[in-house]
Amino acid sequence: MGKEPTELALRSPDHPITGSPDSLITGSPDSPITASPACSKLVRVTFMPANRTVEFYLGRLPYAEHGKEGSLLDVALNFGVDLDHACGGACACTTCHVVVKKGEELLSAMEDDEADKLDSAADLTLHSRLACQTKIIRAGEVVVEIPAWNRNLARE
Ligand code: FES
């Protein structure tokens with residue numbers, strides 16, 4: 001058993017374990033980040049269809065100042081994943097609409113204001129959530145899809 005990393009761990013194709021651009025990145029040759037079950041607080045989030053997977057330890061992600069702390073939007077912004085959020089995460093639009101493909105049991109329950117706003121979202125599904133309102137509250141693997149209409153939009 002390797003020793004458990006003590007710092008926040010971020011890993012993605014753009015944020016490799018080594019050569020980190022800032023203090024957020026940890027992991028080291030002595031403390032590799034893996035999806036081992038021993039890492040009981042490890043969260044892995046995959047954003048589809050880009051198939052971009054990021055990993056971090058639950059509760060160790062710095063707040064990215066948009067949406068609820070620890071939300072799917074917060075995760076996306078921490079890792080530079082392109083997820084629209086026109087209202088800044090205030091539950092006042094639906095541009096952060098995602099469809100949860102895996103790991104719904106790891107997410108916070110939907111509150112009334114999120115449900116009310118989601119009613120106006122395009123392509124609503126039974127697994128739709130607003131990324132800015134949906135917090136990851138348990139460790140494990142989450143997969144979300146960014147709907148086609150919400151990808152590659154021209155932004156001002
Ligand atoms: S960013 Fe507007 S509701 Fe989530």
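**Strand pairing, core and backbone features of the predicted model**

Strand E1 (residues 42-48) lies alongside strand E5 (residues 140-145), and the two pair in the parallel sense over six bridges. Within this pairing, Thr 46 is placed opposite Val 143 of E5, and Met 48 is placed opposite Glu 145 of E5. The model described here is a predicted one.

The protein chain contains two helices and five strands. Read from the N terminus, the order of these elements is β-β-α-β-α-β-β. Of the 156 residues in the protein chain, 30% are buried. When contacts in the protein chain between residues at least 6 apart in sequence are considered, 62% of them join residues at least 24 apart.

The five strands assemble into an open sheet in the order E2-E1-E5-E3-E4, with mixed pairing. Strands E2 and E4 (128-130) occupy the edges; each has a single partner strand, and therefore one side of each is left without a neighbour in the sheet. From one strand to the next, the twist averages 35°.

Besides its parallel pairing with E5, E1 pairs with strand E2 (residues 52-57) in the antiparallel sense, again over six bridges. In this second pairing, Leu 42 stands opposite Tyr 57 of E2. On the other side of the order given for the sheet, strand E3 (residues 97-102) runs antiparallel to E5 and is joined to that strand by three bridges. Lys 102 has Val 143 of E5 as its bridge partner. Val 143 thus appears in two pairings, opposite Thr 46 and as the partner of Lys 102.

The connection between E1 and E2 shows two backbone features. Three residues lie between the strands of this hairpin, and Asn 51 adopts a positive phi near 55°. Pro 49 is located in the loop between E1 and E2, and the peptide bond joining Met 48 to Pro 49 is cis, with omega about 5°. Most residues other than glycine have a negative phi, and most peptide bonds are trans. Met 48 is also the residue that stands opposite Glu 145 in E5.

Positive phi values occur in further loops. Cys 91, found in the loop between H1 and E3, has a positive phi of about 60° although it is not a glycine. Cys 91 counts as partly exposed because it has 19 C-beta neighbours inside 10 Å, whereas a buried residue has 20 or more. Asp 123 is placed in the loop between helix H2 (112-118) and E4. Its phi is near 55°, a positive value in a residue other than glycine. Asp 123 has 12 other C-beta atoms within 10 Å and is therefore exposed.

The largest nonpolar core comprises 26 residues, and those with the most contacts inside it are Leu 72, Leu 73, Val 75, Ala 76 and Ala 131. Two or more residues of this core are given by each of E1, E2, helix H1 (72-78), E3 and E5. H1 provides the largest share of the core, five residues. In soluble globular proteins, nonpolar side chains tend to be buried together.

The surroundings of Leu 72 illustrate contacts made across the sequence. With its neighbours within four places in sequence left aside, Leu 72 is in contact with Val 98, Ala 131, Thr 134, Ile 136 and Val 144. Among these partners, Ala 131 is itself listed with Leu 72 among the residues with the most contacts inside the core.

Phe 79 is located in the loop between H1 and E3. This residue counts as buried because it has 23 C-beta neighbours inside 10 Å. Phe 79 and Val 54 are 25 residues apart along the chain, and their C-alpha atoms are separated by 7.2 Å. The loop between H1 and E3 thus holds both Phe 79, which is buried, and Cys 91, which is partly exposed.

Technical notes: Residues numbered from 1 in each chain as written. Predicted model: local features only at pLDDT ≥ 70, side-chain atom pairs only at ≥ 80, totals over all residues. Helix = DSSP H or I, 4+ residues; strand = E, 2+ residues; numbered from the N terminus. Contact = placed C-beta atoms within 7 Å. Pairing = 2+ DSSP bridges. Axes fitted to C-alpha atoms, helices over the stretch in contact; angles between N-to-C directions. Core = buried A, V, L, I, M, F, W, Y, C linked by C-beta atoms within 7 Å.
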